[in-house]
Amino acid sequence: MRPISYSRAGAVADAVAAVAADPTSDFLAGGTTEVDLLRQNVLLPRRLVDINDLPLAQIEDRPDGGLYIGALARMSEVAQAPSVRERFPMVAEALELGASAQLRHMASMGGNMMQRVRCGYFRDAASPCNKRDPGSGCAALDGFNRGHAVLGVSEHCIATHPSDVAVPLMALDARIHTEGPHGRRVYAIDDFFLLPGATPHLEHPLEHGELVVGIEVPGTPTARTSRYLKVRDRESYEFALASVAAAVTLHNGVLADVRLALGGVATKPWRARHAEDVLRGAPAGTETFRQAARAELAAARTRPLNAFKTELAQRTMVRILETLTGTGTDAAPGTDPAPGREGRP
Ligand code: SF4
């Protein structure tokens, strides 16, 4: 039995001060990650500061056509918001394809940005894991790594980033707002998620006591023509093997604007900039899409069990681009069982 003290904060400044003052403390929002990790002895806080009373649940329109989503807005609320469904459909789709209905009702948007990886070795306190115990090694490198990442990996960690909604937010150049011991900060989303490199235990640039308070989504007309496609082993409550958030603007058959990001294949939500460079200004069509997908996955570094993700990610990219542009008929990704699932229900 480990005693944990619990308090509820009534103001952002109080919450920040309480956690900043105690290195053994954590924020508690929906609890859908934190409580799991407490039970598994992966996180060992001695104090939890409940932030659910803070006024951070807004979903506000911005003058530029964008949104400001409070960190305590629940995934299900954001998915149902008319402004999100109309102007950012890939965000609504990614939310609805994440977790289960019960979890979406509880999980907060800020917590989603801060969720920890689903690597089984990270959650098994007996296994070596550089993310949980820096310098101890990485059991996944030669272990069961079928679900692990092929992009953004290092010799120290290959864990896949688990979030769905962070993928379209990456494509949209969202900004993460925080309040911390040194005041308010705003991070470009690409800077908010760190690559593992030699320090996989550092997942964000935040200091202890720095709280995510909101997510700003800039307005962009391209986002109205957007989709999120998620390929997984089963149709409910499962993490992505590969996913793609895509938004396009077509002018006379030419891709005038395109935004692409990948999930399920990288150690952070992955902006597919190489693919965007191939696509922007090019005629829409399956060959162009395949070329773009190959360009993005050229840097993939695979292990024997997850090598299939390179092809799967490319097919997923091609399929979503064909769907959005009304072109081509590429084979549906996931039509064949992914390796390791043959014969399983
Ligand atoms: Fe830990 Fe990362 Fe290796 Fe998983 S992949 S065991 S999280 S270091």
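Two strands pair if DSSP finds at least two bridges between them; helices (H or I, at least four residues) and strands (E, at least two) are DSSP runs, numbered from the N terminus. The model is predicted: local features need pLDDT of at least 70, side-chain atom pairs count only at pLDDT 80 or more, and totals for chains, interfaces and linings use all residues. Residues are numbered from 1 along each chain as its sequence is written, and side-chain values use heavy atoms, with hydrogens and water left out.

**The five-stranded sheet**

Select strand 6 (residues 175-180) and strand 7, which run antiparallel and are joined by six bridges. A hairpin of two residues connects strand 6 to strand 7. Within this pair, Ile 176 stands opposite Tyr 187 in strand 7.

Next, add strand 8, which pairs with strand 6 in the antiparallel sense over five bridges. Here the bridge partner of Glu 179 is Leu 211 in strand 8.

Now display the whole sheet: it is open, has five strands in the order 4-5-8-6-7, and its pairing is antiparallel. Strand 4 (59-61) and strand 7 are the edge strands, each pairing on one side only. On average, neighbouring strands of this sheet are turned by 20° against each other, direction ignored; axes are lines fitted to C-alpha atoms, for helices over the stretch in contact, and angles run from 0 to 180 degrees between N-to-C directions. At the strand 4 edge, three bridges join strand 4 to strand 5 (residues 67-70) in the antiparallel sense, and Ile 59 stands opposite Ile 69 in strand 5.

**A salt bridge at strand 7**

Select Glu 210 and Arg 185, which form a salt bridge with the closest N and O atoms 3.1 Å apart. The pair links distant parts of the chain, 25 residues apart: Glu 210 is in the loop between helix 9 (189-192) and strand 8 (211-217), and Arg 185 is in strand 7 (residues 183-188). The structure holds 24 salt bridges, each defined as a side-chain nitrogen of Lys or Arg within 4 Å of a carboxyl oxygen of Asp or Glu.

**The four-stranded sheet**

Move to the open sheet of four strands, ordered 9-10-11-12 with antiparallel pairing. Strand 9 (226-231) and strand 12 (270-271) stand at the edges with a single partner strand each, so one side of each has no neighbour in the sheet. Strand 9 pairs with strand 10 (residues 242-251) over six antiparallel bridges, and Tyr 228 stands opposite Ala 245 in strand 10. Add helix 5 (residues 89-96), which lies across strand 9 and strand 10 and runs at about 25° to strand 9.

**Cavities and a pocket**

On a 1 Å grid over the protein atoms alone, a cavity is a set of points where a 1.4 Å probe fits but cannot get out, and a pocket is an open set with protein on both sides within 12 Å along at least five of seven lines; lining residues have an atom within 4 Å of a point.

The structure holds two cavities of 30 Å³ or more. The largest cavity has a volume of about 130 Å³, a volume being the space filled by probe spheres set on the points, which are joined across faces, edges and corners. Of its 18 lining residues, select Lys 131, His 161, Leu 194, Glu 203 and Thr 267, the closest to its centre.

The second largest cavity holds about 80 Å³ of space. Among its 17 lining residues, Cys 119, Cys 129, Lys 131, Cys 138 and Cys 157 lie nearest its centre.

Finish at the second largest pocket, with a volume of about 620 Å³. Of its 30 lining residues, Arg 118, Gly 147, His 148, Glu 238 and Phe 239 lie nearest its centre.

How values were computed. Contact means heavy atoms within 4.5 Å.
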